[in-house]
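I open this entry to record what I looked up on helix packing and nonpolar cores. The notes follow the order in which I consulted the model.

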Amino acid sequence: MGIQKDRVKFNVGGRIFETTATTLANAGRNSLFGAMFDDEWNLNSDATIIEHFIDRNPNCFSVLLDLLRTGELYLPQNLPEKLLYREALFYGLLDHVRSAKWGPFDGNRLRLACSVTGQAPGDGTAIRAGPDGGCCVAHGSMVHVYDWMMEEHPPINLDYQRVNDAGWIDSENIVLSACERLGKGDGGMGLFSASTGELRYKFNVKHENQVKSYTAGALSFSSDYKLFSSCKGRSNEYGIGVWDQVTGKQIDFFYEPPGWSLGDADKLQWLHGTNCLLVATLFPRKDNCYISLLDFRDKSMVWSWSDIGTPITDERRVRDAIAMEETSSICVVNEYEDLGFMDLRRNAGSVRWSSRSRLMKGKMPDEPCYPKLALHDGQLFSSMNDCISVFCGPDWVLTSRLRRSYGGSICDFSIGGDRLFALHSEENVFDIWETSPPPII
């Protein structure tokens with residue numbers, strides 16, 4: 001890329017600024033400055049320095065110009081943070097501001113950035129991280145949506161239909177799954193605007209060419225714009241439905257086979273490498289645990305495991321499961337945060353347990369929450385009581401713990417937008433964990 005190092009002059013709200021094309025090129029082509037230059041990043045056609053007037057806040061412009069010069073964000077005390085974000089949005093520099101505020105996600109370098117107290121009465125049931133650093137929190141039939149600045153948008157109200165799961169299609173659209181109301185129908189899934197809470201369309205289930213009322217449960221998304229959900233209907237609509245995210249049309253349905261559980265699934269996970277869907281139905285939703293991999297290309301169950309017929313104790317009761325494609329295995333966790341592993345190359349194999357948290361036994365809180373698992377960039381995360389453990393390496397060694405004392409046990413957590421969100425059960429509060437930005441050398 002050729003860059004002409006001519007000086008560039010701006011008059012921003014009456015204040016004069018001078019910089020170079022090299023500095024402005026750091027803003028990228030998608031910024032306001034990128035639109036001002038030609039393909040070679042040349043601005044001035046002759047030796048004369050042209051003054052460009054921009055009718056915006058000069059104090060914010062000064063901060064953003066320094067950000068482009070140094071890569072560091074310094075915010076004066078007299079400058080409101082949200083005002084800077086508004087101006088960064090105008091110049092197309094929000095991504096630069098976010099990168100300067102927190103760095104690439106690393107579970108071993110996370111710090112507690114802040115805690116947010118919600119407005120809804122009662123405890124939250126689920127939290128989901130958005131792709132741009134925001135999140136949504138489900139409280140019964142209400143979903144509260146926050147952008148990356150933790151500004152709350154208009155809430156989504158499902159009119160007394162309990163929300164079972166939520167998922168972000170992109171930074172502007174959220175899918176919610178909900179319970180069917182007895183005698184009322186409704187239920188199912190809908191696509192909602194993250195900024196206004198408006199329902200854009202519903203995802204219907206058809207059986208024998210008739211639209212059916214159903215309860216939608218766990219959600220998952222594939223890279224080719226498919227949406228998956230566990231479904232429970234009133235007749236034969238038990239299984240996993242598939243919809244087109246763009247059109248909302250149902251494109252497939254995997255019916256629950258006899259003696260197995262799909263429609264009550266607690267967790268779905270799309271495996272991009274094998275093009276299969278992990279489906280896990282766990283205790284206490286069912287008396288037994290059912291974990292399977294479904295291949296929709298030929299409507300087959302290519303791998304399965306269940307604890308039916310085996311002696312079950314609390315130490316061996318599976319509370320959550322997650323597939324790990326790089327090692328062709330499934331990781332499970334019990335209520336003591338002991339991790340177990342199953343080989344996906346062997347069907348109906350046993351769980352190889354690895355005891356890591358014996359000290360937790362006998363010290364459970366009054367209202368414990370079942371552990372949850374997440375996998376992100378080769379790091380494994382497991383929630384337990386009021387902390388989240390981070391495991392790394394081929395042997396999944398415990399390397400870090402994230403803990404804060406306020407709010408009680410963690411009932412759910414989610415990773416996305418280079419942030420980790422942890423929702424507490426005893427107080428209507430969630431925590432935001434971020435990685436500090438790397439030092440500027």
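**Helix α3 against helix α4**

I began with helix α3 (residues 58-70) and helix α4 (residues 81-91), whose axes come within 10 Å and cross at roughly 70°. I worked from a predicted model. Angles of 65 to 115 degrees count as roughly perpendicular, and I therefore entered α3 and α4 as roughly perpendicular to each other. I noted the hand as well: α3 passes α4 in a right-handed crossing.

I then listed the residues that form this contact. From α3 they are Cys-60, Phe-61, Val-63 and Leu-64, and from α4 they are Leu-83, Leu-84, Glu-87, Ala-88 and Tyr-91. Sorted by class, the contact of α3 with α4 has 8 nonpolar residues, no polar residues and 1 charged residue.

**Helix α3 against helix α5**

Next I looked up the packing of α3 with α5. Their axes lie 11 Å apart, at an angle of about 70°. That angle makes α3 roughly perpendicular to α5. I recorded the crossing of α3 and α5 as left-handed, whereas that of α3 with α4 is right-handed.

On the α3 side, Leu-64, Leu-67 and Leu-68 make the contact, and on the α5 side His-96, Val-97 and Ala-100 do. By class I entered 5 nonpolar residues, 1 polar residue and no charged residues for the contact of α3 with α5. I marked Leu-64, since it is listed in the contact with α4 and again in the contact with α5.

**Nonpolar cores**

Which residues touch the most other members of the largest nonpolar core? Of its 29 residues, I noted Phe-10, Leu-24, Phe-33, Phe-61, Leu-64, Tyr-91 and Leu-93 in that role. Elements that each supply at least two residues of this core are β1 (7-12), α1 (21-25), α3, α4 and α5 (94-101). The greatest contribution comes from α3, with 7 residues.

I also found a second, separate core of 18 residues, which includes Leu-271, Leu-282, Trp-305 and Val-332. Phe-61, Leu-64 and Tyr-91, which I had listed for the α3 and α4 contact, are named among the core residues that touch the most other members.

**The chain as a whole**

I closed with the totals. The chain contains 5 helices and 33 strands. Of its 441 residues, 51% are buried. I looked last at contacts between residues at least 6 apart in sequence, and 49% of these join residues at least 24 apart.

Notes. Residues numbered from 1 in each chain as written. Predicted model: local features only at pLDDT ≥ 70, side-chain atom pairs only at ≥ 80, totals over all residues. Heavy atoms only, no water. Axes fitted to C-alpha atoms, helices over the stretch in contact; angles between N-to-C directions. Helix = DSSP H or I, 4+ residues; strand = E, 2+ residues; numbered from the N terminus. Parallel < 35°, antiparallel > 145°, perpendicular 65-115°, else oblique. Left-handed = near helix turned anticlockwise from the far one by under 90°. Contact = heavy atoms within 4.5 Å. Nonpolar A, V, L, I, M, F, W, Y, C, P; charged D, E, K, R; others polar. Core = buried A, V, L, I, M, F, W, Y, C linked by side-chain atoms within 4.5 Å. Buried < 20%, exposed > 50% of the residue type's maximum accessible area, 1.4 Å probe, protein only.
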